[in-house]
Amino acid sequence: MGATPLKRPRRVEALAFAKLNLHLEILGRRPDGYHELVSLFQSVDLADRLTLVPSAYLRICVTPPGLQLGRHNLVRRALDLLRERYSVRTGARVRLLKKIPSGAGLGGGSSDAAAALVAGSALWGIRPTPAELRSMALELGSDVPFFLRGGAAWMGGRGEKTLGRGRLPDFVAVLAKPGFAIPTAQAFSSLKIPLTRGWGESSLLDYSFDSDAAPGMVVGGKNAFESRLARLYPGLLELKKLLRMGGARGVRMTGSGSAMFGIARNEVMARELSKSIRARGFGSWVVRPTERGMVVIVSS
Ligand code: C5P
């Protein structure tokens with residue numbers, strides 16, 4: 001039986017979902033410059049869209065045009081890393097439609113990078129093992145490995161180690177973003193945590209989804225950055241107040257900010273609240289959990 005030649009895709013599309021940190025604790029500062037943390041991540045259905053078609057060179061165009069891609073264009077870095085690692089001699093024309101705001105703690109750049117690794121592999125016919133994908137993802141950023149799977153997961157280490165995964169009760173959240181972004185590195189350094197010799201596991205948590213610990217975090221989680229950043233950026237408190245006054249519960253920051261979110265009673269209430277926040281000139285979105293970090297569609 002003759003082998004059928006592998007047909008290269010004509011086009012690969014990916015939806016790269018955002019994430020919320022339902023709970024985030026910092027356990028210490030490590031000698032390598034990173035912070036050890038424990039966080040409950042949940043991917044949500046606000047998504048950037050990546051479209052890749054074959055081309056001799058690598059060219060990336062972003063919509064809206066002129067948008068700061070942030071963190072040195074993680075999509076380009078992801079695709080360059082793949083090409084270098086697997087000696088790919090061809091390129092791609094890439095369109096990135098940005099919906100997830102940058103510098104908001106929603107993981108937009110990280111999610112784009114994870115999606116670029118998977119979509120680029122499909123386009124160029126390379127098959128990295130899951131371990132190879134994870135290692136490339138971590139080279140690109142601490143949050144990137146999470147997006148390879150997405151869903152709900154307790155993450156530890158720099159943010160890349162999966163401590164436990166499962167399903168949370170469905171919820172609807174309202175996001176609110178002020179007019180400013182907060183650079184991740186600046187948020188971490190603002191905590192001024194001394195170098196830690198050793199740190200234990202967070203005493204709060206059992207990292208399973210069997211007890212009430214994880215589901216309890218949908219409304220009851222806390223964010224270790226919030227009080228410090230609220231002193232540095234007073235605008236954050238105004239947003240928190242808006243979300244609370246609109247009836248959202250468990251209002252808190254995601255990641256290292258600047259976006260805040262709260263849990264709405266239902267979709268109708270969420271839409272009304274989001275509209276009223278937008279009417280005041282802030283960014284606002286209604287989101288629901290997703291089971292995966294991305295959706296990739298290959299057309300041949
Ligand atoms: O890993 P990533 O590139 O997303 O991190 C950006 C910056 O955020 C790092 O250079 C570091 O200063 C800070 N960071 C940290 N601890 C983490 C993750 C990020 O201090 N766990």
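This passage walks through selected helices, strands and loops of a predicted model.

A convenient place to begin is the four-stranded sheet. This open sheet has the strand order β8-β9-β7-β10, and the pairing is antiparallel. Its edges are formed by β8 (249-253) and β10, each of which pairs on one side only. From one strand to the next, the twist averages 20°. As background, strands of a sheet pair through backbone hydrogen bonds, in either a parallel or an antiparallel arrangement. Between β8 and β9, the antiparallel pairing extends over three bridges, and M253 has M260 in β9 as its bridge partner.

Two helices lie across this sheet. Helix α8 lies across β7, β8 and β9, and runs at about 10° to β9. Helix α9 lies across β7, β9 and β10, with an angle of about 170° to β10.

Helix α9 deserves a closer look. It spans residues 267-279, 13 residues in total, and reaches 18 Å from its first C-alpha to its last, close to the 18 Å expected at 1.5 Å a residue. The buried residues in α9 are M269, A270, L273, S274 and I277. These residues sit on the same side of α9 because they cover an arc of only 130° around the axis. The other side of α9 carries V268, E272, K275 and A279, which are exposed. As for what the buried residues of α9 pack against, their partners are β7 (172-177), α8 (235-245), β9 (260-264) and β10 (283-287). Both ends of the helix have a feature to point out. At the start of α9, a side-chain oxygen of N266 comes to within 3.2 Å of the backbone nitrogen of V268. Just after α9, G281 adopts a positive phi of about 95°.

Helix α3 (residues 130-140) can be described in a similar way. Here L133, M136, A137 and L140 are buried. They cover an arc of only 105° around the axis, and therefore lie on the same side of α3. The packing partners of the buried residues of α3 are helices: α1 (74-85), α2 (108-124) and α4 (144-149).

Attention now turns to a loop residue that meets the end of β8. N223 is located in the loop between α6 (213-220) and α7 (226-232). With a relative accessibility of 9%, N223 counts as buried. A polar atom of the N223 side chain lies 3.0 Å from the backbone oxygen of M253. Leaving aside residues up to four places away in sequence, N223 touches L24, M253, T254 and G255. M253 therefore appears in two settings here, as the bridge partner of M260 in β9 and as a contact of N223.

Strand β3 (residues 58-63) offers a pattern of another kind. In a regular strand, side chains alternate between the two faces of the sheet. In β3, the covered face consists of L58, I60 and V62, while R59, C61 and T63 make up the uncovered one. β3 pairs with strand β4 (residues 91-97) in the parallel sense over six bridges. C61, on the uncovered face of β3, has R95 in β4 as its bridge partner.

The remaining features concern backbone geometry in loops. T63 and P64 are joined by a cis peptide bond, with omega of about -5°; P64 is found in the loop between β3 and α1. A cis peptide bond also leads from G257 to S258, with omega near 15°, and S258 is located in the loop between β8 and β9.

Positive phi values are seen in two residues that are not glycine. S87, in the loop between α1 and β4, has a positive phi of about 45°. At 48% relative accessibility, S87 counts as partly exposed, since the cut-off for exposed is over 50%. K192, in the loop between α5 (184-190) and α6, has a phi near 50°. With a relative accessible area of 64%, K192 is exposed.

Methods
Residues numbered from 1 in each chain as written. Predicted model: local features only at pLDDT ≥ 70, side-chain atom pairs only at ≥ 80, totals over all residues. Heavy atoms only, no water. Expected span 1.5 Å × (residues − 1). Buried < 20%, exposed > 50% of the residue type's maximum accessible area, 1.4 Å probe, protein only. Arc of directions from axis to C-beta. Contact = heavy atoms within 4.5 Å. Polar contact = N/O pair within 3.5 Å; in protein donor to acceptor, adjacent residues only side chain to side chain. Pairing = 2+ DSSP bridges. Axes fitted to C-alpha atoms, helices over the stretch in contact; angles between N-to-C directions.
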